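Hello,

Here is the structure I promised to pass on to you. Have a look at it first, and my notes on what turned up follow below.

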Amino acid sequence: MDRKPTHSFRGTADQEHQLMDVIEKHRKQPGGLMPVLQDAQEIYGYLPVEVQSMIAEGLNVPLSEVYGVATFYSQFSLTPKGENRISVCLGTACYVKGADKILEAVEKKLGIKSGECTKNRQFSLDSTRCIGACGLAPVMMINDDVYGKMTVDQVDEIIDRYMKKSKKAGDSQ
């Protein structure tokens with residue numbers, strides 16, 4: 001089943017100008033694709049096909065090459081990341097203690113799957129193999145906050161706290 005993207009590209013003219021400056025700086029540099037991709041991800045927060053196309057055209061390389069590099073290195077993301085980045089550890093210690101159920105509960109709460117971002121970009125969700133907190137298994141992280149010994153019953157309350165924080169921040173703007 002094909003899943004429709006949960007986001008649409010929202011690049012600005014200023015971001016595009018920054019990207020063009022980066023491309024121009026590295027256009028004639030051997031191996032310039034990598035630093036351009038790194039800077040592009042810094043500018044946009046991720047590397048959607050629209051940005052990859054601008055890079056390919058600007059560096060005069062095939063889009064397939066840009067895509068190949070962007071998907072090979074784990075530092076690059078093809079989907080946007082949310083204001084709140086949720087990671088659920090699925091390493092062995094976490095998995096045997098029910099982390100898969102934690103991940104399912106988060107997916108249900110947010111209406112997204114692992115690797116996706118909510119439409120309002122408030123949350124993104126990823127599963128990870130190990131975060132090094134095996135003694136606290138199962139573990140979920142939101143931004144830099146670690147939640148150990150998680151239960152499915154805790155998921156809604158924890159996520160609701162971040163939803164409220166984001167609303168308050170939005171109200172003050």
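Let me begin with a pair of neighbours: Lys-101 and Asp-100 join their side chains in a salt bridge, with 3.6 Å from N to O. Lys-101 is partly exposed, at a relative accessible area of 44%. Please keep in mind throughout that this is a predicted model.

The salt bridges

The count of salt bridges comes to 6, and two others deserve a mention. Glu-107 and Lys-113 meet through their side chains at 3.9 Å, N to O. Here the two partners fall into separate classes: Glu-107 has a relative accessible area of 14% and, because the cut-off for buried is under 20%, is classed as buried, whereas Lys-113, at 41%, is partly exposed.

The other is the salt bridge between Lys-109 and Asp-160, at 2.6 Å from N to O. This pair ties together distant parts of the chain, since Lys-109 sits in helix H6 (residues 99-110) and Asp-160 in helix H7 (residues 152-171), 51 residues apart. Lys-109 is partly exposed at 27% relative accessibility, and Asp-160 is partly exposed too, with a relative accessible area of 26%.

The chain as a whole

Stepping back, the protein chain holds 7 helices and 4 strands. Followed along the sequence, they come in the pattern α-α-α-α-β-α-α-β-β-β-α. The C-alpha atoms fill a box of roughly 55 × 40 × 35 Å along the principal axes. Of the 173 residues, 40% are buried. Among contacts between residues at least 6 apart in sequence, 62% join residues at least 24 apart.

As for the surface, the chain exposes about 10,300 Å², and carbon and sulfur atoms supply 51% of that area. There are 22 positive and 23 negative charges, and their mean positions lie 6 Å apart.

Helix H3 and what surrounds it

Which residues of helix H3 are buried? In this helix (residues 49-59), they are Val-51, Gln-52, Met-54, Ile-55, Ala-56, Gly-58 and Leu-59. These buried residues pack against helix H1 (13-26), helix H2 (33-44) and H4.

Leu-63, in helix H4 (residues 63-72), shows one side of that arrangement. Leaving aside neighbours within four places in sequence, Leu-63 is in contact with Val-49, Gln-52, Ser-53 and Ala-56. Even so, Leu-63 is partly exposed, with a relative accessible area of 36%. For a sense of scale, 34 Å separates the C-alpha atoms of Leu-63 and Met-141, which are 78 residues apart along the chain.

Backbone points to check

Most residues other than glycine have a negative phi, and most peptide bonds are trans. With that in mind, three places caught my eye.

Asn-60 comes just after H3, in the loop between H3 and H4. Although not a glycine, Asn-60 has a positive phi of about 60°. Is Asn-60 buried or exposed? With a relative accessible area of 72%, Asn-60 is exposed.

Lys-149 is likewise a residue other than glycine with a positive phi, in this case near 50°. Lys-149 belongs to the loop between S4 and H7 and counts as exposed, at 52% relative accessibility.

The third place is a cis peptide bond, which joins Ala-137 and Pro-138 with omega of about -5°. Pro-138 is found in the loop between strand S2 (123-128) and strand S3 (140-142).

A nonpolar patch

Finally, Ile-131, Leu-136 and Val-146 together make a nonpolar surface patch of about 210 Å². Val-146 lies in strand S4 (residues 145-147) and is partly exposed, with a relative accessible area of 43%.

If you open the model with little time to spare, I would start with the Lys-109 and Asp-160 salt bridge, then go on to the cis bond between Ala-137 and Pro-138.

Happy viewing, and best wishes

Methods: Residues numbered from 1 in each chain as written. Predicted model: local features only at pLDDT ≥ 70, side-chain atom pairs only at ≥ 80, totals over all residues. Heavy atoms only, no water. Helix = DSSP H or I, 4+ residues; strand = E, 2+ residues; numbered from the N terminus. Buried < 20%, exposed > 50% of the residue type's maximum accessible area, 1.4 Å probe, protein only. Contact = heavy atoms within 4.5 Å. Patch = residues over 30% accessible without salt bridge, like charges linked within 9 Å, V, L, I, M, F, W, Y side chains within 5 Å. Areas by Shrake-Rupley, 256 points an atom, 1.4 Å probe, with all protein chains shown as cover. Salt bridge = Lys/Arg side-chain N within 4 Å of Asp/Glu carboxyl O. Lys, Arg positive; Asp, Glu negative; His and termini not counted. Charge placed at Lys NZ, Arg CZ, Asp CG, Glu CD.
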